[in-house]
Amino acid sequence: MKRRWIISLACMAFLTILLGFTVAFSQKEDKPKVVVILKQLNTDYWKTVKYGAEKAFADFHIEGEVIAPDSEYPPTKQIQMLRQALKQHPDAIIIAPTQSAAAISILTEYEKKHNPVLFVDTDAKWKNQTSYIGTDDHTLGKKAGELLASMLQPGDQVALISGMAVSLGTAPRVRGAREALEASGIKIVTEQEGYDESGRVKSVIGTILKDYPDTKGVLATDDVMALAALRVTEKMDFPIPVVGTDGFVKMMKAVEEGKLSATVAQNPYDIGYIGVEQALKAIKGETVVQKIDTGVSIIVKENTKEYVDLMTTVLKDSRSNNSK
């Protein structure tokens, strides 16, 4: 009798363990799988997009992954990642395309498998895309131009430094900035590309200030170039306003310290978080908003603390995760 009791107890224990494994495995299998492919992860902006996406993975119980090449250039790096992700059979793909035409040629394979395809940060305007979540680049450039113009007087001269022509966001940002500056009576004396063919920042601002000594301000279509310009203007003791468009911590701290009066920022955390949220809705067959504008923020001294605190948390967590 005692031996039967022990055997029964052992069987019950085994069944309990087996049931636990089965439930755990089932729960894991039930989790939707989402892959997010960004342009890179080497800047504050992209680290914050990643942070937002990973927070959404945790909140919505998603098996998710955020990947990116070590640089935006050449764009073929991202395309290779997109091909590899297809082999993982994700339930949805989210991408910030560096080059839309090349990406779409691969994304058609996802579409054939009925996988939702969402764009973040950069809208490829593909007819089969599920949704776009990000900032309107024309509006972003216009806001940056309006901000710089508000610091100057009609007739003042400015320099416009743009990203690489292959970048999808460059042209509309430049167009928006140009419209705003010209509407305010500000003269753009030169427009120059701030990157070389390998994607490295070029030292153009020093030459610009020498060639155009009456320059009263600089607008850069991203914060990498804006920070490079700010460093040069400080070194040359040429105190003029520099406006960027991303919202890097260093740009915000420059505002906080009084080196700049204001700058423009996107909302990358929202881009990452909302992108994943919309992907889950699409996987479930729920209604998805086709375009979500995450807006533009004007960073001034009064509101820098909340932005700096968020970015500091993001970067701290990013360093912590990379060291594991």
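Helices here are DSSP runs of H or I at least four residues long, numbered from the N terminus. With that in hand, α9 is a handy place to start in this predicted model. Just past the end of α9, Gly258 adopts a positive phi of about 85°. Within the helix itself, which covers residues 249-256, the buried positions are Val249, Met251, Met252, Ala254 and Val255.

A word on confidence comes next. The protein chain averages a pLDDT of 89, with 89% of its residues at 70 or more. Residues 1-7 are a weak spot: pLDDT stays below 50 there, and the stretch makes zero contacts beyond near neighbours in sequence. Residues 21-28 also sit below 50, with one contact of that kind in the model.

Two of the buried α9 residues turn up again around Thr263. This threonine belongs to strand β10, residues 262-265. Leaving aside residues up to four places away in sequence, Thr263 touches Met251 and Val255, along with Leu147, Val243, Gly244, Ser297, Ile298 and Ile299. Thr263 has a relative accessible area of 0%, so it counts as buried, the cut-off being under 20%. Its side chain still has a polar partner: one of the polar atoms of the Thr263 side chain lies 3.3 Å from the backbone nitrogen of Gly244.

On to the open spaces. The largest pocket holds about 450 Å³. Its lining runs to 28 residues, and those nearest the centre are Gln40, Trp46, Glu72, Tyr195 and Asp222. Helices α2 (44-59) and α6 (170-183) each put at least two residues into that lining. By class, the pocket lining splits into 12 polar, eight nonpolar and eight charged residues.

Two of the central pocket residues also pair up directly, as the side chains of Tyr195 and Asp222 make a polar contact at 2.7 Å. Tyr195 comes from the loop that links β7 (187-193) to α7 (205-211). Is Tyr195 buried or exposed? At 9% relative accessibility it falls under the 20% cut-off, and therefore Tyr195 counts as buried. Not counting residues up to four places away in sequence, the neighbours it touches are Gly163, Met164, Arg200, Val201, Lys202, Asp222, Val224 and Met225. Of these, Met225 is 30 residues away along the chain from Tyr195, yet their C-alpha atoms are separated by 8.3 Å.

There is also enclosed space to consider. The model has one cavity of 30 Å³ or more, and the largest cavity contains about 30 Å³. Around it sit Val36, Leu38, Val49, Ala53, Ile94, Val120, Ile271, Gly272 and Gly275. Both α2 and α10 supply at least two of these lining residues, and α10 gives the most, with three. The make-up of the cavity lining is seven nonpolar and two polar residues, with no charged ones.

Gly275, one of the cavity-lining residues, lies in helix α10, residues 268-283. With a relative accessibility of 0%, Gly275 is buried. Setting aside residues up to four places away in sequence, Gly275 touches Ile94, Leu118, Val120, Ile133 and Asp270. Ile94 and Val120 from that set also line the largest cavity. Gly134 is 141 residues from Gly275 in sequence, and the C-alpha atoms of the two glycines lie 8.7 Å apart in space.

Technical notes:
Residues are numbered from 1 along each chain as its sequence is written. This is a predicted model: local features need pLDDT of at least 70, side-chain atom pairs count only at pLDDT 80 or more; totals for chains, interfaces and linings use all residues. Side-chain values use heavy atoms; hydrogens and water are left out. pLDDT is the predictor's confidence in each residue, from 0 to 100. Contact means heavy atoms within 4.5 Å. On a 1 Å grid over the protein atoms alone, a cavity is a set of points where a 1.4 Å probe fits but cannot get out, and a pocket is an open set with protein on both sides within 12 Å along at least five of seven lines; lining residues have an atom within 4 Å of a point. Grid points are joined across faces, edges and corners, and a volume is the space filled by probe spheres set on the points. Ala, Val, Leu, Ile, Met, Phe, Trp, Tyr, Cys and Pro count as nonpolar, Asp, Glu, Lys and Arg as charged, and the others, Gly among them, as polar. Buried means under 20% relative accessible area, exposed over 50%, partly exposed in between (1.4 Å probe, protein chains only). A polar contact is a pair of N or O atoms within 3.5 Å; within protein, one must be able to donate a hydrogen and the other to accept it, and residues adjacent in sequence count only if both atoms are side-chain atoms.
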